[in-house]
Amino acid sequence: MTEPVYLDNAATTPVDPRVFEAMQPYWLDVWGNPSSVYGVGRRARRALDDARDRIAQVLNCRANEIIFTSCGSESDNLAIRGAAQAQAELHGWKHIVTSRVEHHAVLHACQWLETHAGFEVTYLDVDEFGRVDPADVARALRPDTALVSVMYANNEIGTIQPVAEIARAVKVANASTLVHTDAVQAGGLLPLDVEQLGVDLLALSGHKFYAPKGVGLLYVKRGTPLVHQLSGGGQERGVRAGTENVAYIVGLAVALELAYREHAERVAQVARLRDRLVDGILSSVDGARLTGHPTERMPNSASFTIAGADGESLLLNLDQEGICASSGAACTSGTLEISHVLRALRLPDDEARGSLRLTTGVRTTDADVDRLLAVLPAIVERVREVTPTLVG
Ligand code: PLP
């Protein structure tokens, strides 16, 4: 069997062999509990401390501002629920500002606070490219705004948000309103200097930049009030109980360090292949349109709508050709489901249902792009023939 053509690096990435190698001692050799006082525990603690130091270098923060978690979703939940609850206790503030295009890890955490904790949430609209206007954020702020959460880059359409500008606008209005950014898609490809971003909280997930699935982190600026969401031991400064997953944390640190050591080459490579996909598809597929911002977008992200084609059928046909891709539209039991992100762009249904996302990675090759471009036009024609026209 030939290797599949993997163009879904926003969903997950394969573990870098160097990351895999760096994790090996922490299964059979250095297996101690990092909280134990004896040798094998102390060695695990040193590995943990070293990982934290290395990550802090990349983020330009202090090592004790890093909290290790199990994934990006956990980091987002800890940031949003933890900060919101702390602000309510400290000041009685119960208002949150976020956008309509956030990942469900953020949106559902906000909805939980609305349903269970009496918070009010303002969901900001975005422009046709999926961008949040910092002026809209400033207008939405209230004296009781506890938290603003706007993602760094969108997972479906690749649009990069003006996070630094948003953070500045928030801090000018009220220095005590906290700013969180979900940087899960940005991790490994966009600059992560938290001083420059000006945020209080930032979430990352290892599996988007060639570390394993099941490990993430939350940057928590010193002095940021946060109520822990997982009770138990005093690990992670009492903010996140649970014996640390040393092997995965080592993998996370090595992967992050490699991503930024090789940053320029990686960005150039994924962007060049991404541009080939965009140019190739827009010139060979009638009715294809780029979604997301034309320039302020992730270097690895090519996302489209293909009018008159059904996204899910496109994926199934691509899969038959050995190509892995993704879509923001699905047809579940005969009903068309269009993602909240595509809805927020206010696209007509007929266009939105033909959503196709292709994301390049460090292992993507020119041959992969050639293969996709060779088969897509015929697949689109085939899918269009069987896609019923939407009425109304
Ligand atoms: N936030 C964004 C923008 C994402 O793309 C994802 C995952 O796709 C997450 C959060 C959740 O990360 P995890 O899969 O590590 O829970």
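Here are three short exercises on side chains in this predicted model.

**Exercise 1: the aromatic pair**

Work out which geometry the pair W27 and Y248 has, stacked or edge-to-face.

Solution. Start with what you need: a pair of aromatic rings is described by the distance of the centres and the angle of the planes. The structure holds one aromatic pair. For W27 and Y248, the ring centres are 6.0 Å apart, which falls within the 6.5 Å cut-off for a pair. Next, check the planes: they meet at 85°, and angles over 60 degrees count as edge-to-face. So W27 and Y248 form an edge-to-face pair.

Now place the partners on the chain. W27 belongs to helix α2 (residues 25–28) and Y248 to helix α9 (residues 246–261), so the pair links parts of the chain 221 residues apart. As for exposure, W27 has a relative accessible area of 41% and is partly exposed; Y248, at 22%, is partly exposed too.

**Exercise 2: a charge and a ring**

Find where R81 lies relative to W112.

Solution. Look at the ring of W112: R81 lies over its face, 4.0 Å from the ring centre.

**Exercise 3: an acid in a strand**

Describe the surroundings of D182, and say whether it is buried or exposed.

Solution. First, locate D182: it's in strand β6 (residues 178–182). Second, its accessibility: D182 is buried. Third, hunt for a charge partner. D182 has no salt bridge, and K208, the nearest side chain of opposite charge, is 8.8 Å away; a salt bridge needs 4 Å or less. Fourth, try the backbone: the nitrogen of V184 lies 3.0 Å from a polar atom of the D182 side chain. Last, list the neighbours: D182 touches several residues further off in sequence, among them D76, H103 and Y152.

Conventions. Residues are numbered from 1 along each chain as its sequence is written. This is a predicted model: local features need pLDDT of at least 70, side-chain atom pairs count only at pLDDT 80 or more; totals for chains, interfaces and linings use all residues. Side-chain values use heavy atoms; hydrogens and water are left out. Rings of Phe, Tyr and Trp (its six-membered ring) pair if their centres lie within 6.5 Å; planes under 30 degrees apart count as stacked, over 60 as edge-to-face and the rest as tilted. Helices (H or I, at least four residues) and strands (E, at least two) are DSSP runs, numbered from the N terminus. Buried means under 20% relative accessible area, exposed over 50%, partly exposed in between (1.4 Å probe, protein chains only). A charge sits over a ring if NZ of Lys or CZ of Arg is within 6 Å of the ring centre and within 35 degrees of the ring normal. Lys and Arg count as positive and Asp and Glu as negative; His and the chain ends are not counted. A polar contact is a pair of N or O atoms within 3.5 Å; within protein, one must be able to donate a hydrogen and the other to accept it, and residues adjacent in sequence count only if both atoms are side-chain atoms. Contact means heavy atoms within 4.5 Å. Lists of a residue's contacts leave out its neighbours within four places in sequence.
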